[in-house]
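Biologist: Before I rely on any of the terms used for this structure, I would like to go through them with you and ask what each one rests on.

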2 protein chains.
Amino acid sequence: MSTKITGKQQVEDLLNKYDNFLFDCDGVIWLDNALLPYVIETLQMLRSHGKQLIFVTNNSTKSRDDYVDKFAKFGLTILKKEVFGSAYASAIYAKNIIKLPTEKKIWIMGGKGLEVEFNEAGYQTLGGSSMPELDKELDLSDSNDPINKIDPAVGAVVVGLDTHMNYHRLAVTLQYLRNPEVVYIATNIDATYPANGIILPGAGSVVDSASSCSQRTPVSCGKPSKGMMDAIVEAHGIDKSRSIMVGDRLNTDMKFGSSNGLDTLLVLTGIETEEAMRALDQSSQPTYYAAKLGDLFELHH
Amino acid sequence: MSTKITGKQQVEDLLNKYDNFLFDCDGVIWLDNALLPYVIETLQMLRSHGKQLIFVTNNSTKSRDDYVDKFAKFGLTILKKEVFGSAYASAIYAKNIIKLPTEKKIWIMGGKGLEVEFNEAGYQTLGGSSMPELDKELDLSDSNDPINKIDPAVGAVVVGLDTHMNYHRLAVTLQYLRNPEVVYIATNIDATYPANGIILPGAGSVVDSASSCSQRTPVSCGKPSKGMMDAIVEAHGIDKSRSIMVGDRLNTDMKFGSSNGLDTLLVLTGIETEEAMRALDQSSQPTYYAAKLGDLFELHH
């Protein structure tokens, strides 16, 4: 059964038990544009105890540098290597896992962060923000329409959350996916995400439209996939038995931790409620839960 | 095993065996903007033998009147009541099957034909082509953005093929679907459709993006659903044992016929190949197949 963090002793236990704290960001560190209470103090406390902090995010619209900047705006200093985003994980998957040659181009239906990370990994990208003509209506009769200029050098399609997603982008993406030799990568498959008190369609709904018309299933590089955990373990050499995953989503963050051998801490500042957690059978519940991440500081102080 | 139509005797057998000929249109009557060979002659031949013709289409972007016009442009005169489109079938479903009061409004993510058919059935529609602001980027901070003006009078969401589909439309559609009292209707679930030699995303890929973020499953009113067959049988009083469904798709047209008790005729002028048909186990193969619909005239002539 899940243990609720309600007092100083429980925080002490966490500090004794774990060396590495993996955090989801949205709904844990901040919510939309507001830093959550006592997050700065909690992270400082963990650093002062010599803990390794790793920020794991499925948001593929931002690059790692974007994340360092975003943390800085909240007064939080982190290192680029402490960030693992699904855009970065997707680029790592292409480059290191399937070893796609960098002569191959990448077709993007997703945010700017994807382009940055693939460019940094040495790939040329197409689609995404580089083709504003995709914001116009599809025109099969226009020889300059990207649907009539399919580039045979494309070796992978990468799909993530894309607020510019439209029928035109979907139609061109489909042309690439119809070639079975083109690899199909999804940054993550979250169905929704919360923003300003509204639930918005997540990467999963963009990915599913592409999967539906192409009748293909992507490799997902976001939480809860094993690929992201492997990359983190490799990069930081962490001992999983001394590591804990902190997040606000049962089906991504908590699953990411538990299915990859980590203990887990659910915080209720994001998308989940205590009721949703209790509705799960016991084996699927997180190791711990807390009203907010800042409780670790508040209760320990 | 499927019988290939190769000679006059087989056409005579068809004429003796069936009183009612149900046709898919795209890929059977025409392909894109070209009428297929000997279609006019074949339909004339069938009418001269007193056959009832019914045109059944999953294209929800056109109303029945649009279809009558489209046939006319090809030199084919048909009656509005001979057309069953998935836009019309969706409106019939809302009005006659679930008896949604006409005081309720309909939120549309789909083509103009949907608006016409729902308006003709007595409903006010929102979304669709009536809100050009949906073509702009989603802006949560704009109080005039449709996402901030959710209308509580909406009683159903209808999703179909929408070449103006974008993230903004998807996000607003999700807000309506999050209310479990709002009915969720899909015009059809075809994954793709052919246009000018290119395979484009079909209604199914638009529907799947909405289903994915809302985690809901729609009622589908297109082929191969039983709902459309019930409406046709009711309207025309046809005897199913004396009826045949002619189409170019195994998973919609042929399934629509066979799973609703009709014999079937596959034509190879659309999306399917003879190989794809033969790859099916015998019980799933169509009753007959022909290179094209016009063979009925050519071979009988």
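Biologist: What area is buried between domain 1 of chain A and domain 2 of chain A, and what share of that area do carbon and sulfur atoms give?

Modeller: This is a predicted model, and in it the two domains of chain A bury about 720 Å² between them, with 43% given by carbon and sulfur atoms. D32(A), N58(A) and R249(A) together supply 55% of what domain 1 of chain A buries against domain 2 of chain A, more than any other three residues.

Biologist: Which residues make up the two domains of chain A?

Modeller: Domain 1 is written as 3-58 + 224-300, and domain 2 as 101-220. Their C-alpha centres lie 31 Å apart, while seven residues of domain 1 are in contact with 10 residues of domain 2 in chain A.

Biologist: Why is the pair R249(A) and D190(A) called a salt bridge?

Modeller: The rule asks for a side-chain nitrogen of Lys or Arg within 4 Å of a carboxyl oxygen of Asp or Glu. The side chains of R249(A) and D190(A) meet at 3.7 Å, N to O, and therefore the pair satisfies that rule. The count between domain 1 and domain 2 of chain A is one salt bridge, alongside four residue pairs in polar contact. On the side of domain 1 of chain A that touches domain 2, the classes are one nonpolar, three polar and three charged residues.

Biologist: What makes E120(A) and R64(A) a salt bridge, and which parts of chain A does the pair tie together?

Modeller: The closest N and O atoms of E120(A) and R64(A) are 3.0 Å apart, and because the cut-off is 4 Å, the pair qualifies. E120(A) lies in helix α5 (residues 112-120) and R64(A) in helix α3 (residues 64-73), so the pair ties together parts of chain A that are 56 residues apart in sequence. Over all chains, the structure holds 32 salt bridges.

Biologist: How many salt bridges does the rule find across the interface of chain B and chain A?

Modeller: The rule finds zero salt bridges across that interface, whereas it finds 12 residue pairs in polar contact there. On the side of chain B that touches chain A, the elements giving two or more residues are α6 (167-177), β11 (192-195), β12 (198-201) and α7 (203-214), and the largest share, six residues, comes from α7(B). The residues of this side of chain B divide into 17 nonpolar, 12 polar and four charged.

Biologist: What area is buried between chain B and chain A?

Modeller: The two chains bury about 2600 Å², of which carbon and sulfur atoms give 67%, and L140(B), Y167(B) and P201(B) supply 25% of the area that chain B buries against chain A, more than any other three residues. The contact takes 33 residues from chain B and 33 residues from chain A.

Biologist: How do you know that strands β9 and β10 of chain B pair?

Modeller: Pairing requires at least two bridges, and β9 (residues 154-159) and β10 (residues 183-186) of chain B have four in the parallel sense, so the requirement is met. Within this pairing, A156(B) stands opposite V183(B) in β10(B).

Biologist: Why are β8 and β13 of chain B said to stand at the edges?

Modeller: The five strands of this open sheet in chain B follow the order β8-β7-β9-β10-β13, with parallel pairing. β8 (124-127) and β13 (219-220) each have a single partner strand, so one side of each is left without a neighbour in the sheet.

Technical notes: Residues are numbered from 1 along each chain as its sequence is written. Chains are lettered from A and ligands numbered from 1 in the order in which they are written. This is a predicted model: local features need pLDDT of at least 70, side-chain atom pairs count only at pLDDT 80 or more; totals for chains, interfaces and linings use all residues. Side-chain values use heavy atoms; hydrogens and water are left out. Domain bounds come from an automatic or database domain assignment. Contact means heavy atoms within 4.5 Å. Buried area is the accessible area (1.4 Å probe) that two parts lose on being put together, summed over both. A polar contact is a pair of N or O atoms within 3.5 Å; within protein, one must be able to donate a hydrogen and the other to accept it, and residues adjacent in sequence count only if both atoms are side-chain atoms. Ala, Val, Leu, Ile, Met, Phe, Trp, Tyr, Cys and Pro count as nonpolar, Asp, Glu, Lys and Arg as charged, and the others, Gly among them, as polar.
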